[in-house]
Amino acid sequence: MQTLQQNMASLTLEKWNKRPLIISGPCSAETEEQVLETATRLAKTGKIDMLRAGIWKPRTKPGMFEGNGVKSLPWLLQAKKITGIPTTVEVATAKHVEDALQFEVDVLWIGARTTVNPFSVQEVADALRGVHIPVLIKNPINPDLELWSGAIERMQKVGLTQLGMIHRGFSSYGNTEFRNAPMWHLPIEMKRRFPGMPLICDPSHICGNRAMLQSVAQKSIDLDFDGLMIESHIDPDNAWSDAKQQVTPGRLLEMLEELVWRNENSTEPEFINALTTLREQINQVDDELLTLLGQRMKLSDKIGQYKKDNNITILQTNRWNEILERAFKKGEAMGLTREFITRYFDAVHMESIQHQNKIMNS
Ligand code: PEP
Ligand code: MN
C-alpha cells in the first residue's frame with residue numbers, strides 16, 4: 001500500500017508537469033482557521049494545483065508581521081490532507097528547509113529577497129543536496145539576470161532537477177504604476193537561457209493591487225508563461241501582509257475563468273502558411289533595417305572625422321533635440337509610440353556616439 005507521502009510525490013510530479021500550473025494561497029499563514037478555510041475554498045474552485053502560504057516572511061521593515069514560523073507548518077499539512085492539494089512554501093535558510101521537509105511540504109520556493117544573496121542561496125542549496133523536491137526560484141528584487149541564473153545554477157549543482165522560475169517583477173525607487181515593474185524582456189531572456197524550465201508569473205507581487213492583476217496575468221499567458229502564482233485570502237482587506245493585492249478564492253475563480261489561454265503552436269496548415277509568410281516578410285524588413293543602420297553609422301563616422309578635424313564636441317544638444325522631434329512626428333504618423341521612439345533613438349544615438357568616439361580617439 002502506498003503511503004500518503006508516496007501518493008503526494010506522484011501527485012506533485014503530475015501537477016508540476018501540468019500546464020497551466022496554478023498556485024494560490026494566502027501571502028502569509030496567519031491562523032489555522034484562515035489557512036484551512038482559504039485552502040478549502042480554493043480547492044472548491046477545482047482550478048488550483050498547489051497551495052502556497054508564507055511561513056517565514058522576509059519583511060522590509062521591522063515590526064511588520066514576520067510569519068508564524070514552524071508553528072504554522074502543521075496547518076499547511078492539515079490543509080493538504082483535507083484538500084489533497086500539494087503545498088509550497090518559501091525557504092530562506094537551512095533550518096527552514098529542514099522544517100519544511102519535516103512537515104512534508106511538496107515544493108519549495110526561494111523568495112526575491114533571498115535570490116539576491118548568494119550566501120543564502122548556497123545555504124539552501126546545500127541543505128537540499130540529495131533531496132528530491134521541486135524548487136521554484138523567484139527573480140531577485142533587482143533586475144540582475146546573472147543573480148537569477150546563478151541561483152538556478154547553485155540548485156542544479158547540488159543535483160536538483162525539478163527547477164522552475166517565478167517572475168515577480170523588479171523593484172525600483174519611487175512610485176510607479178507597478179509595485180514591482182515586470183520588465184517582461186528579462187523573464188523572456190530567462191526562458192531563452194533555460195529552455196524547457198517552467199516559468200510562472202506572480203502577478204500579485206508585480207501589481208501590488210487587485211486592479212491590474214487580471215491584465216498582468218493575461219499578459220504573461222500571452223507571453224507563453226507556464227502558470228500563475230496568485231495570492232488569495234478569505235478576507236483580503238484584513239490580511240496581515242500584502243492586503244492590497246490579495247483576492248478572495250471566489251474572485252480568483254472569476255479571474256481564472258476570464259483568462260484566455262493560448263497555445264504556443266498550432267498544426268493548422270493555413271495558420272502555419274500565413275505565419276511563415278509574415279515571418280519571411282519580417283526577416284526581410286529586419287535585414288533592410290540593419291543595412292540602413294549600418295549606413296547610418298557610416299555617415300556618423302564621416303561626421304566624426306569632420307568634428308575631429310575641426311575640434312568640435314561629439315554631442316550637440318540642439319541637434320539631438322532636432323533629431324528626436326523629427327522622429328516623434330514621423331513616428332507618430334507611422335503608429336509608433338513616443339516611448340518606443342525615445343528608446344530606439346537613445347540606442348541608435350549611443351551607438352553613433354561610440355562610433356564617433358572611436359574616430360576622435362584614433
Ligand atoms: C511572497 O510570495 O509572499 C513574497 C514574499 O514574495 P517575493 O519574494 O516575491 O517578494
Ligand atoms: Mn506576499
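Pro-20 sits in the loop that joins helix α1 (4-16) to strand β1 (21-25), and in this predicted model the peptide bond leading into Pro-20 from Arg-19 is cis, with an omega near -10 degrees. Two further loop residues stand out by their backbone angles: Glu-104, in the loop between α4 (94-102) and β4, has a phi near 60 degrees, a positive value in a residue other than glycine, while Asn-311, placed between α12 (269-310) and α13 (317-333), has a phi near 55 degrees, again positive and again not in a glycine. Such values merit a remark because most residues other than glycine have a negative phi, and most peptide bonds are trans.

The strands form a closed barrel of 8 members, running β1-β2-β3-β4-β5-β6-β7-β8 with parallel pairing. With direction ignored, neighbouring strands of this sheet are turned by 25 degrees against each other on average. Within the barrel, strand β5 (residues 135-138) is joined to strand β6 (residues 163-167) by 4 bridges, and the two strands run parallel; in this pair, Leu-136 stands opposite Gly-164 of β6. Helix α7 (residues 145-157) packs on the sheet, where it touches β4 (107-110), β5, β6 and β7 (199-201), and its direction makes about 160 degrees with that of β6.

The surroundings of ligand 1 consist of Cys-27, Arg-52, Lys-57, Glu-90, Trp-109, Gly-111, Ala-112, Arg-113, Lys-138, Arg-168, His-205 and Glu-231. By residue class, this shell divides into 3 nonpolar, 2 polar and 7 charged residues. Which side chains place a polar atom at 2.8 Å or 2.7 Å from an oxygen atom of ligand 1? Among them are Lys-57, Arg-113 and Lys-138, whose distances are set out below.

| Side chain (N or O atom) | Partner | Distance |
|---|---|---|
| Lys-57 | oxygen atom of ligand 1 | 2.8 Å |
| Arg-113 | oxygen atom of ligand 1 | 2.8 Å |
| Lys-138 | oxygen atom of ligand 1 | 2.7 Å |

Taken alone, ligand 1 exposes 300 Å², and the protein buries 97% of that area. The barrel and the ligand shell can also be read together, since Lys-138, which belongs to the shell, falls within the range given for strand β5 (residues 135-138), and Trp-109, another member of the shell, falls within the range given for β4 (107-110).

How values were computed:
Residues numbered from 1 in each chain as written. Chains lettered and ligands numbered in written order. Predicted model: local features only at pLDDT ≥ 70, side-chain atom pairs only at ≥ 80, totals over all residues. Heavy atoms only, no water. Pairing = 2+ DSSP bridges. Axes fitted to C-alpha atoms, helices over the stretch in contact; angles between N-to-C directions. Contact = heavy atoms within 4.5 Å. Near = heavy atom within 4 Å. Polar contact = N/O pair within 3.5 Å; in protein donor to acceptor, adjacent residues only side chain to side chain. Areas by Shrake-Rupley, 256 points an atom, 1.4 Å probe, with all protein chains shown as cover. Nonpolar A, V, L, I, M, F, W, Y, C, P; charged D, E, K, R; others polar.
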